[in-house]
Amino acid sequence: MNWHHAYNGIPTARVTAAEGVCFTCDHAPSGHDHLPSDSLSGELAVTITVASPTIPGQRTEDRRVVVASRSGDPEGACTWEDATIPVTTLKGVLSSAYETVTASRMRVFADHDHVLTHRRTTQKATALYPVLLVHDGGLNSDPETGLSARIMLGKNSPRKDGCWHRPDYVCAAVLPNDLSSRTALYDSAGRWMYSGSTNKDDRKYTNRVSETDAKKRLSQLRKTTPHLKRISFTVEIEKFYKTRRAVVASVGNQRFCGTVSKPAEKDTRTYTGVVVRLTPPHSDPLIDTKFNEFVFFDTKKNRTRRPVNADVLERLVEVIHSYLDNIRQLMDREKAGVPRNTNTRKSTDPKTWLVHEIANGKIDDNGQILGASDPKVDKGKDSAVMADRAQIKQFLLKLASKGPGIPLFASVSNKGNITSLTPSQVGRRTAPGSLAPVKLAEKSGVAPARSFTQASAGDRMWGFVADEKEDNASQAAAVRGRITIHPITPVQPGHDSWLQRPAPDDKPWRLPTLASPKPSTGAPYLRDQRGRALPEETTRAGTYQPKQTLIRKVYPTHRKLLGREGLPNSTPLEGDIGPHDTVVGSFLSPGAKFTTTIAFYGLTPEELAVLVWLLTPERLVPPDASPDDESMRRGYHRLGFGKPLGYGAVEISATDVYVSTGEEMASMYAQLAGCLGFTPADTATTPPARLSRALDPLPADFEDSLPVRAFVRAAYGWDDEADVQYPAADEPANKKTGVSATAKWFKEREENRVKHGIDPDHCKIDSDYDLPDLLAPSDIQDTYNVTAGSSKHDRSDSAESGGRKQHRQHRASSRNRRKQRRP
């Protein structure tokens, strides 16, 4: 692999002890009304050293990102003495790291309670069936929804269970809608006049026929065949890839169109069907390559109806809601200002008929959607683009009760069951059997705690507030954390270079905009039950499945940037700050140092040991680390802006610890010799000895657990020369469409995997689109059965794999070297 993924993930697969209460198990936290006698309280002295350019920002009124000011200056720190890192930033970094290495529950999980949608590839679209969604409560309807889908099989024979593979004919008849359509047009006298092609040089006209005449005839065809009109028609049949398709020839008694070449077979029948125009009237084409509309039709012999259950309906609602949500996001961006690249999609761009009907409709006084074509639409008040899922569902049921029903495209299982419905062939869809991210979190035990007994290690240490209360509770569960971070102050005397600001005549720095993968991309956000990356052949349709697990997002360290001056990959700002720009007004350069104190109380020895471990950079080093310089054998935390670019690597190091047990604290209170926040100095031992003693209770095999090893890899990075970046991040965006090279990379990756799934013998998996994981598969296999926080006696040394023994020996060697360097 010649690159490492800058947007990576640490597995959330949780493995708990077979019996008893373990450190990483969920259980109720102790109360705050007293300190248990064996609990630990005290303070940690901490130094923060900047290792790569860091922007621990606050935003100015003109949207610049600047180093935060201790004095509260709205323009950010102007001198080194005034620079700081916000306490909330450091707390977020450490709490996230603690939750990760202890395999804790996630604490924030808002807006992820619905299944995700993604765009279907053109290869997958060929397997869809055209249907009419009908709400009539008939014999073939689902008893709960009252819905059924009339599957319009066209010229195909009736399907039998087990035979719902690709049909012999494309089900819907082709109705040309553009001169680029590879079909022929006939004049009102039934004479051939034009043959279409995407290449203008290949288009053919009969004598005295112009392009204007051909467009006029197309206009007459549109007028004769409006959307949802029932028509009688004839067809001509042509070969179409590995199948055949019907092209509309005559409508009623008038010839309009046909195939450009001699029909592949003779068909003299007259059919009855429903015109389906996905492109709304007077709208531009939905996509550059859409030149045809459809006629959905069937026969008495092959007429087929299948029930549509509540799950399929809800997934259709989700698809439409995702379209509307995307339009709302575009509207918000446009309100903020015009994007730099005006070729990007706009909220007013053409939409599929059904989405257009809602988005351009209104909501009446009763909260119901009036479609764009509804005669009463002007009586509505609010735009239906703001419709929620309940309103969308209600509108669909109403629309399905009228006329022929709602024309849609369906995925049909081999048993003949409707598994999904979508408004268009190559539009958004939900993956059959997929779950909402929150459901995956619940299945793997990492959903946010809703009760005290569900509190994980991170919840007990840092506190939590449940998103909602349990059914039998009067209020939501809440626990206050046991960590307090004091203000972060700059080391004095400092260096002028530690706080970088542009010279008076210079411009601030503009960071490149990176297109991070969306959750709907699937693979980057998921692992299997053992925490391994999903198989490379997995398509988006195979993601968010019941046996998959989520990840914790992480940005691995870019070791090439350690110690590097300036802001790599940035450019001077030209003109005004755009609404979508990230502009840096100041930043911290490598070498900048801060100090702070972290107070803790009521911790268990294991909790303190893990916290100290996180604050020991020398422990955040994987066994294969290769630098000869011992000072470089350390891992880093990440904070602030620009993490995908390598910014924000900081060494957070505990320099001393002061600890008292609950029993000692009680004695000091009784004797008025000390209290929380005022601990007598320990003059009998050295700081390194105190820190080493605090690490002794570190749970057995803690460093062997999967989340810990993945975290260490992310903290350290890699010693090789491969870049840490987003896929294709070093390539420019498409000049015509504005689509980023990263988005294009994921699109091409999906197409390759889909083609491989359809025809694995002729389309191999392209390794250029492999997603590199943090850990090698063999490393993950070695760590799966090891639980962070398990007892030292949970397994025998003889059960260790050779790889795990080697890793243990590497770590032991590193610890010995550190001990030898201690005073």
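**Buried, bridged and paired: a predicted model**

Student: Is Cys-763 buried or exposed?
Tutor: Cys-763 has a relative accessible area of 16%. Buried means under 20%, exposed over 50%, and partly exposed in between, using a 1.4 Å probe and protein chains only. Because 16% is under 20%, Cys-763 counts as buried.

Student: What kind of model is this, and how are residues numbered?
Tutor: Residues are numbered from 1 along each chain as its sequence is written, and side-chain values use heavy atoms, with hydrogens and water left out. The model is predicted: local features need pLDDT of at least 70, side-chain atom pairs count only at pLDDT 80 or more, and totals for chains, interfaces and linings use all residues.

Student: How many disulfides does a search of the whole structure find?
Tutor: A disulfide is a covalent bond between the sulfur atoms of two cysteines. The test used here is a pair of cysteine sulfur atoms within 2.5 Å. Cys-78, for its part, is partly exposed at 36% relative accessible area. The number of disulfides found is 0.

Student: What percentage of the protein's residues count as buried?
Tutor: The protein has 823 residues. Its C-alpha atoms fill a box of roughly 110 × 65 × 60 Å along the principal axes. The buried share is 53%.

Student: How many helices and strands are there in the protein?
Tutor: Both are DSSP runs, numbered from the N terminus. Helices (H or I) need at least four residues, strands (E) at least two. The protein has 15 helices, and its strands number 40.

Student: Which residues have the most contacts inside the largest nonpolar core?
Tutor: A nonpolar core is a set of buried Ala, Val, Leu, Ile, Met, Phe, Trp, Tyr and Cys residues joined through side-chain atoms within 4.5 Å. The largest has 80 residues. A second, separate core of 40 residues includes Leu-316 and Leu-408. In the largest core, the residues with the most contacts are Leu-44 and Trp-613.

Student: Which residues is Leu-44 in contact with, leaving aside its neighbours within four places in sequence?
Tutor: Contact means heavy atoms within 4.5 Å. Among the partners are Thr-596, Ile-598 and Phe-600. Others include Leu-611, Ala-654, Val-657 and Leu-691.

Student: How many salt bridges does the count come to?
Tutor: A salt bridge is a side-chain nitrogen of Lys or Arg within 4 Å of a carboxyl oxygen of Asp or Glu. One such pair is Glu-442 and Lys-439, at 3.8 Å from N to O. Both lie in helix H7 (residues 437-443), 3 residues apart, about one turn of the helix. The count comes to 37.

Student: Which residue forms a salt bridge with Arg-753?
Tutor: The closest N and O atoms of this pair are 2.7 Å apart. The pair links distant parts of the chain: Arg-753 lies in helix H13 (residues 741-758), its partner 217 residues away in the loop between strand E32 (526-528) and strand E33 (548-554). Both residues are buried. The partner is Glu-536.

Student: Which residues join Glu-536 and Arg-753 in one network?
Tutor: The network is made of salt bridges that share partners. Besides Glu-536 and Arg-753, it takes in Arg-749 and Asp-770.

Student: Are Lys-381 and Asp-365 buried or exposed?
Tutor: These two form a salt bridge, with the closest N and O atoms 3.4 Å apart. They sit 16 residues apart, in loops on either side of strand E21 (369-370). Both are exposed.

Student: Which strands stand at the edges of the E21-E20-E22 sheet?
Tutor: This is an open sheet of 3 strands with antiparallel pairing. Two strands pair if DSSP finds at least two bridges between them; E20 and E22 have 2. Each edge strand has a single partner, so one side of it is left without a neighbour in the sheet. The edge strands are E21 and E22.

Student: Where is the place of Tyr-544?
Tutor: Most residues other than glycine have a negative phi, and most peptide bonds are trans. Phi of Tyr-544 is near 60°, a positive value. Tyr-544 is buried, with 5% relative accessible area. Its place is the loop between E32 and E33.

Student: Which residues does a cis peptide bond join?
Tutor: Omega of this bond is about -5°. The proline is in the loop between strand E29 (489-490) and strand E30 (499-500). The bond joins Gln-492 and Pro-493.
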